[in-house]
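The account below moves from charged side chains to aromatic rings and then to the nonpolar interior. Please keep the model open while reading, so that each pairing can be located as it is named.

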Amino acid sequence: MIKVSETAKKKVIELMKEDGFNPTTDYVRVGVKSGGCSGLSYDLKFDKENQEGDKVFEDNDVKIVVDKKSFLYLIGTTLEYSGGLNGTGFVFNNPNANRTCGCGESFSL
């Protein structure tokens, strides 16, 4: 399961509406891909449908889809949003990550 913080929820809904997505029916697609300074990086985008094999979750009124491969890396992760002086953007608090890079956008197991 992937959790969504209250601040992330507000920002997701705002951005989905700006991009022409419907937060009540469309999804936030979260994934993991090779790359980044620590070996793996997070991928976050909006999607109107789920694919065969996707895991589908809903937390804090946000619908999330994750492909089967990425799900193994993301179990227990919380999606948060930071708007502070140290940078603005979505942050993944992933209990499975052994090491993260300074920017927080990549990790390794």
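In this predicted model, a network of salt bridges links Arg29, Asp47 and Asp54. Within it, the side chains of Arg29 and Asp54 meet at 2.7 Å, taken from N to O. Because Arg29 belongs to strand S2 while Asp54 lies in the loop between S3 and S4, this pair ties together parts that are 25 residues apart in sequence. Arg29 and Asp54 are both buried, and for Asp54 the relative accessible area is 15%, which falls under the 20% limit for a buried residue.

Asp54 has further partners around this loop position. Its side chain reaches the backbone nitrogen of Gln51 at 2.6 Å, and, when neighbours within four places in sequence are left aside, Asp54 is in contact with Arg29, Val65, Val66 and Asp67.

The count of salt bridges comes to six, and two others among them can be set beside the network. Lys48 forms a salt bridge with Asp26, with the closest N and O atoms 3.4 Å apart. This pair links distant parts of the chain, since Lys48 is in the loop between strand S3 (40-47) and strand S4 (55-59), whereas Asp26 is in the loop between H1 and strand S2 (27-34), 22 residues apart. Asp26 is buried, its relative accessible area being 6%. Glu14 and Lys11, by contrast, meet in a salt bridge of 3.2 Å, N to O, within a single element: they are three residues apart in helix H1 (residues 6-18), and so are separated by about one helical turn. Glu14 has a relative accessibility of 36% and therefore counts as partly exposed.

Turning to the rings, how many aromatic pairs does a search of the whole structure find? The search finds four. In one of them, the ring centres of Tyr42 and Phe92 lie 4.1 Å apart with the planes at 10°, so this pair is stacked. Tyr42 is in strand S3 and Phe92 in strand S7 (residues 87-93), so the two rings tie together parts of the chain that are 50 residues apart in sequence. Tyr42 and Phe92 are both buried.

A further pair is formed by Phe57 and Phe71, whose ring centres are 5.6 Å apart and whose planes stand at 20°, so that this pair, too, is stacked. Here distant parts of the chain are again linked, with Phe57 in strand S4 and Phe71 in helix H2 (residues 68-74), 14 residues apart. Both of these phenylalanines, Phe57 and Phe71, are buried. The ring of Phe71 has a charged partner as well, for the charged end of Lys55 sits over this ring, 5.5 Å from its centre.

The nonpolar interior remains to be described. In soluble globular proteins, nonpolar side chains tend to be buried together. The largest nonpolar core of this model has 20 residues, and those with the most contacts inside it are Val28, Val30, Ile64, Val66 and Leu74. The elements giving two or more residues to this core are H1, S2, S3, strand S5 (62-66) and H2. The surroundings of Val30 can be traced residue by residue: apart from its neighbours within four places in sequence, Val30 is in contact with Asp43, Leu44, Ile64, Val65, Val66, Asp67, Ser70, Leu74 and Phe92. Among these contacts of Val30 is Phe92, the residue whose ring is stacked with that of Tyr42.

Definitions and conventions:
Residues are numbered from 1 along each chain as its sequence is written. This is a predicted model: local features need pLDDT of at least 70, side-chain atom pairs count only at pLDDT 80 or more; totals for chains, interfaces and linings use all residues. Side-chain values use heavy atoms; hydrogens and water are left out. A salt bridge is a side-chain nitrogen of Lys or Arg within 4 Å of a carboxyl oxygen of Asp or Glu. Helices (H or I, at least four residues) and strands (E, at least two) are DSSP runs, numbered from the N terminus. Buried means under 20% relative accessible area, exposed over 50%, partly exposed in between (1.4 Å probe, protein chains only). Rings of Phe, Tyr and Trp (its six-membered ring) pair if their centres lie within 6.5 Å; planes under 30 degrees apart count as stacked, over 60 as edge-to-face and the rest as tilted. A charge sits over a ring if NZ of Lys or CZ of Arg is within 6 Å of the ring centre and within 35 degrees of the ring normal. A nonpolar core is a set of buried Ala, Val, Leu, Ile, Met, Phe, Trp, Tyr and Cys residues joined through side-chain atoms within 4.5 Å. Contact means heavy atoms within 4.5 Å. A polar contact is a pair of N or O atoms within 3.5 Å; within protein, one must be able to donate a hydrogen and the other to accept it, and residues adjacent in sequence count only if both atoms are side-chain atoms.
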